[in-house]
Amino acid sequence: MHMNTRRDFLQKIGASALMLQLSSLTAFADAPGRITEPYEGKILRVAIMGLGGYGTRVAEAMKACTKAKLVGVISGTPSKVKEWQTKYNIPEKNCYNYENFDQVKNNKDIDAIYVITPNALHHSQVIRVAKAGKHAICEKPMALNAKEAQEMIDACKTANVKLLIGYRMHFEPRTLEVIRMRKADNFGKIMFFQAQCGFKAGDPKQWRLNKALAGGGSMMDIGIYAINGARYMVGEEPIWVTAQETKTDPIKFSEGVDETIQFQLGFPGGAVASCLSSYNINHLDRFFMSGDKGFAEMQPSTGYGPIKGRTHMGELTQPVTTHQTVQMDEMATLIFEDKKPVVPVNGEEGLRDMKIIDAIYQAVKTGNKVNLII
Ligand code: NAD
């Protein structure tokens, strides 16, 4: 998912372009409602802030949206703005840079801004979006810590705008099926969850390995999927955390940039989660959950897809979707219709993950078990 080596990058470009085509075909075949019933509600008009790797992926996926539309950009690179204007038919009046985007306040043709910049920028940018009176969609991790996350929530409340976090897995059909089965008691009492999330980070100069921009290391970027996954799979909030860090390359992964962290979460119902987050181990994208009546296993579990998995009842066969297309259509209804998703994607949901990340870093530092007050 995070493309860092050149070989990976090339492989994934090919695979993802193909998947985009295949998955939109599948989406149409499996969800005829998308074409036979034209959407007549309000369209969410979105400007993307940060035209990098993931911003580009979201923009491409939004072409297939029926309830959301890319109408604007915020970028520090004029050449990228020009390119996007041509590619997505974006009018000049909907283009901003990082200095002047507060003026979006006066733009009636933009409803929401999707912040897809390096982690350390999310806090101030979301607060500026809120002050401009626009809904904020923010990538994960929503902030560098729980304190910042709370300030973002407060700013959006004060401005009376919505704050949503880019948790695309919360709309993924096979993930939702496992959650449905857990709620239907198909797995019985959940006793164990395991997540392995990681990849080898390539370029040592990238912002992901820069503490000031990333706020940490693998935990901020990919370990957060294990935390979030543990919560939506088990269906409870953890009450304690223990964690251990291993660092094999202190030059590449400098002070404050975690290479590999193993962590454990304890849940009130008795379940424990055993998780691994790494920037130095490839092919880690797996969830396993065990209850006293059954199990679920997903691999890949949080990549761009197709998500694959099985339970004690058989293979998961729900439709393969383009995650970002479904996410943005769903977010339009969350913003305009006050709908509640199966798993929340609001600021409070992001804050819960940030509290756990804070606790994991504290547990690594002290070697102690950290109790969580969620
Ligand atoms: P990227 O490096 O590809 O893009 C980042 C963009 O931010 C670039 O266009 C860069 O020019 C811009 N930028 C603005 N100000 C900057 C500054 N001061 N320093 C550096 N860059 C600056 O990164 P990305 O992979 O697109 O990640 C962006 C965000 O999206 C991160 O928070 C990341 O965690 C998140 N993300 C989420 C997913 C997901 O599946 N939900 C996947 C990838 C990334």
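# Exercises on helix packing, the ligand site and the backbone

In this predicted model, α3 passes α4 in a right-handed crossing. The exercises below start from that pair of helices.

**Exercise 1. Describe how α3 meets α4, and state which residues make the contact.**

Solution.
- Step 1: locate the helices. Helix α3 covers residues 53–62 and helix α4 covers residues 78–88.
- Step 2: read the geometry. Their axes come within 12 Å and cross at roughly 15 degrees. Angles under 35 degrees count as roughly parallel, so α3 is roughly parallel to α4.
- Step 3: list the residues. From α3 come Gly55, Thr56, Ala59 and Glu60, and from α4 come Trp84, Lys87 and Tyr88.
- Step 4: sort them by class. The contact of α3 with α4 has three nonpolar, two polar and two charged residues.

**Exercise 2. Find the orientation of α3 relative to α10, and name the residues in the contact.**

Solution.
- Step 1: helix α10 spans residues 323–337. The axes of α3 and α10 come within 8 Å and cross at roughly 75 degrees.
- Step 2: angles of 65 to 115 degrees count as roughly perpendicular, and therefore α3 and α10 are described as roughly perpendicular to each other.
- Step 3: α3 contributes Tyr54, Arg57, Val58, Ala61 and Met62, while α10 contributes Gln324, Thr325, Gln327 and Met328.
- Step 4: the residues of this contact of α3 with α10 divide into five nonpolar, three polar and one charged.

**Exercise 3. Decide whether α5 and α6 are roughly parallel or roughly perpendicular, and give the make-up of their contact.**

Solution.
- Step 1: helix α5 is formed by residues 122–131, and α6 by residues 146–159.
- Step 2: the two helices pack at an angle of about 5 degrees, with their axes 9 Å apart. α5 and α6 are therefore roughly parallel to each other.
- Step 3: on the α5 side are His122, His123, Val126, Ile127 and Ala130. They meet Glu148, Glu151, Met152, Ala155, Cys156 and Ala159 in α6.
- Step 4: by class, the contact of α5 with α6 has seven nonpolar, two polar and two charged residues.

**Exercise 4. State how many residues surround the ligand, and identify side chains with a polar atom placed by a ligand nitrogen or oxygen atom.**

Solution.
- Step 1: the ligand is surrounded by 24 residues, and the closest are Gly53, Asn119, Lys140, Arg168 and Trp207.
- Step 2: for nitrogen, a polar side-chain atom of Glu139 lies 2.9 Å from a nitrogen atom of the ligand.
- Step 3: for oxygen, a polar side-chain atom of Trp207 lies 2.8 Å from an oxygen atom of the ligand. Arg208 also has a polar side-chain atom 2.9 Å from a ligand oxygen atom.

**Exercise 5. Locate the cis peptide bonds at Pro141 and Pro306, and the loop that holds Asn160.**

Solution.
- Step 1: recall that most residues other than glycine have a negative phi, and most peptide bonds are trans.
- Step 2: Lys140 and Pro141 are joined by a cis peptide bond with omega about -15 degrees. Pro141 sits in the loop between β5 (135–138) and α6.
- Step 3: a cis peptide bond also joins Gly305 and Pro306, with omega about 0 degrees. Pro306 belongs to the loop between β12 (295–298) and β13 (309–311).
- Step 4: Asn160 has a phi near 60 degrees, a positive value in a residue other than glycine. Asn160 lies in the loop between α6 and β6 (163–165).

Conventions
Residues numbered from 1 in each chain as written. Predicted model: local features only at pLDDT ≥ 70, side-chain atom pairs only at ≥ 80, totals over all residues. Heavy atoms only, no water. Axes fitted to C-alpha atoms, helices over the stretch in contact; angles between N-to-C directions. Helix = DSSP H or I, 4+ residues; strand = E, 2+ residues; numbered from the N terminus. Parallel < 35°, antiparallel > 145°, perpendicular 65-115°, else oblique. Left-handed = near helix turned anticlockwise from the far one by under 90°. Contact = heavy atoms within 4.5 Å. Nonpolar A, V, L, I, M, F, W, Y, C, P; charged D, E, K, R; others polar. Near = heavy atom within 4 Å. Polar contact = N/O pair within 3.5 Å; in protein donor to acceptor, adjacent residues only side chain to side chain.
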